[in-house]
Amino acid sequence: FSKFGGAIAKKIKTTTKLVTAAMTAAATAFVVSSVNEGKAFDKSMANVAATMGKSVEEIKELRDYAREMGAKTAFSATEAADALNYMALAGYDAEKSMKMLPNVLNLAAAGDIGLAQASDMVTDAASALGLNMAQTEELVDQMAQTSSKSNTSVAQLGEAILAVGGTAKIMRGGTKELNTVLGVLADNGIKGSEGGRALRNTLLALSAPTDKAAKQLKKLGVEVFTDKGEMRELPNILNDMNVAMAGMTDEEKTNILSEIFNKNDMKSINALLGTTNDRWSELYGYIDDAKGAASKMAETKLDNLSGDVTKFSSALSEAKLMISDALMPTLRTLTQEGTSIVTAFTNGFKENGLKGALTGVKDELIEFKKKLDDSDDPVLQSLSGVLSGIADAIIWLLDLTTDIDGAVAK
């Protein structure tokens, strides 16, 4: 029993050492990872501050908000910061950026696209269409809803909206009509920037027709504008054209349409004209009821183990940033002082060789020790004795070199 107990005790002791070593290594790795996470986040927030023309301290509220979004969404704080930088590039201030960020987060999660890409997409679209904050929020929900109710993706819709650009401002039905038309085009295989260009060309052909096109429209009895000079909704214009051309041969229709629209756009025009009124109404109804669609889609896509892991990673990232924030002031102080010491060594060596270098380092260490003695940082205070020892060693080396120089002179 005594031998057995001794063997067990030895195994426990060995295992304890191994576990302790493993835990120490893991803790060290986590701290290093935390510092790296903090460096990346601080760099991203510094970019935001620089873009806004402010100091990092002046956007502290925005920094805290990026941390908050990173902790409770599918994206990290650094990704949120990168998205904020795109908003800053679009001219958004801190308040407007904080209002917009949740919408961008939802759209990115709903569309399975990068956060920076979603931010760039939304800000560009809002700028091109002249949308206010409430209208931009509606656009985000409409894009999510359109992607789920037609044969397109959020990314493709974004490309299409940017391609049609400011021309879409003349659409009487606003972003609802815009998404409906793009969704119908996508159902017919005309997606992304191709769909956007097709819509842009269609709107231009109808709103600013050539003389031939104007004559054909008049002959068909199709009114493009209301009595108030506003462009009618595109589905209604197209329906009137279908009614006017009912009974015509394909050749007759093609001749008429080729004089109204660009021949390169005939594919998209035929696709729009060939869509039934029921499909137009169905898709428009879905988009009209899109409030909260982006948020719901984002939640649904994260309602699985993969989503749980993503959320855990975001929460873990926030834990790392908390550790990084605690360590960063100390690390910055040590790094900056290290730079000063190396500079003192270099300058001293240039002036007076090794003796000058050692003197420069000694003086810098003594000054740094004074700062440490007045510091409230326990880590820095613990270095005070170490620095004293190094300074004393350098003084001894200086005395030694002086003695050697004297002996050589004699």
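**Figure 1. The largest pocket of this predicted model has a volume of about 400 Å³.** Here a pocket is an open set of points on a 1 Å grid over the protein atoms alone, where a 1.4 Å probe fits and protein lies on both sides within 12 Å along at least five of seven lines. Its volume is the space filled by probe spheres set on the points, with grid points joined across faces, edges and corners. Lining residues have an atom within 4 Å of a point. There are 16 residues in this lining, and Asp42, Arg63, Asp325, Met328 and Arg332 are the closest to the pocket's centre. Helix H1 (2–52), helix H2 (60–72) and helix H16 (305–373) each contribute at least two lining residues, with the largest share, 6 residues, coming from H16. By type, the lining holds 7 nonpolar, 1 polar and 8 charged residues. In this grouping Ala, Val, Leu, Ile, Met, Phe, Trp, Tyr, Cys and Pro are nonpolar, Asp, Glu, Lys and Arg are charged, and the others, Gly among them, are polar.

**Figure 2. The protein as a setting for the close-ups has 18 helices and 0 strands.** Helices (H or I, at least four residues) and strands (E, at least two) are DSSP runs, numbered from the N terminus. Of the 410 residues, 40% count as buried. Buried means under 20% relative accessible area, exposed means over 50%, and partly exposed lies in between, using a 1.4 Å probe and protein chains only. Contact means heavy atoms within 4.5 Å. Among contacts between residues at least 6 apart in sequence, 68% join residues at least 24 apart.

Two notes on reading these views: residues are numbered from 1 along each chain as its sequence is written, and side-chain values use heavy atoms, with hydrogens and water left out. Because this is a predicted model, local features need pLDDT of at least 70 and side-chain atom pairs count only at pLDDT 80 or more, while totals for chains, interfaces and linings use all residues.

**Figure 3. Lysine 176 and aspartate 288 form a salt bridge.** A salt bridge is a side-chain nitrogen of Lys or Arg within 4 Å of a carboxyl oxygen of Asp or Glu, and the count by this rule comes to 12. In this pair, the closest N and O atoms are 2.5 Å apart. Lysine 176 sits in helix H8 (residues 174–187) and aspartate 288 in helix H14 (residues 277–288), so the pair links distant parts of the chain, 112 residues apart. How accessible are the two partners, lysine 176 and aspartate 288? Lysine 176 is partly exposed at 26% relative accessibility, and aspartate 288 is partly exposed at 43%.

**Figure 4. Asp187, Arg279 and Glu282 are joined into one network by salt bridges that share partners.** Arginine 279 pairs with aspartate 187, their closest N and O atoms being 2.8 Å apart. Since arginine 279 lies in helix H14 and aspartate 187 in helix H8, this pair ties together parts that are 92 residues apart in sequence. Glutamate 282 pairs with arginine 279, with 2.9 Å between the closest N and O atoms. Glutamate 282 and arginine 279 are 3 residues apart in helix H14, so about one helical turn separates them. Arginine 279 is buried, at 18% relative accessible area, whereas aspartate 187 is partly exposed at 32% and glutamate 282 is partly exposed at 38%.

**Figure 5. Threonine 275 lies in the loop between helix H13 (266–273) and H14.** Is this threonine 275 buried or exposed? At 13% relative accessibility, threonine 275 counts as buried. Its side chain reaches the backbone oxygen of alanine 271 at 2.9 Å. Leaving aside neighbours within four places in sequence, threonine 275 is in contact with Val184, Asn188 and Trp280.

**Figure 6. Threonine 254 is found in helix H12 (residues 250–260).** Threonine 254 is partly exposed, with a relative accessible area of 43%. From C-alpha to C-alpha, threonine 254 and asparagine 270 are 9.3 Å apart in space, and they are 16 residues apart in sequence.

**Figure 7. Aspartate 124 has its place in helix H5 (residues 115–129).** With a relative accessible area of 34%, aspartate 124 is partly exposed. Which residue is paired with aspartate 124 in this view, 38 residues apart along the chain? The partner shown is tyrosine 86, and the two C-alpha atoms are separated by 9.5 Å.

Terms used. Polar contact = N/O pair within 3.5 Å; in protein donor to acceptor, adjacent residues only side chain to side chain.
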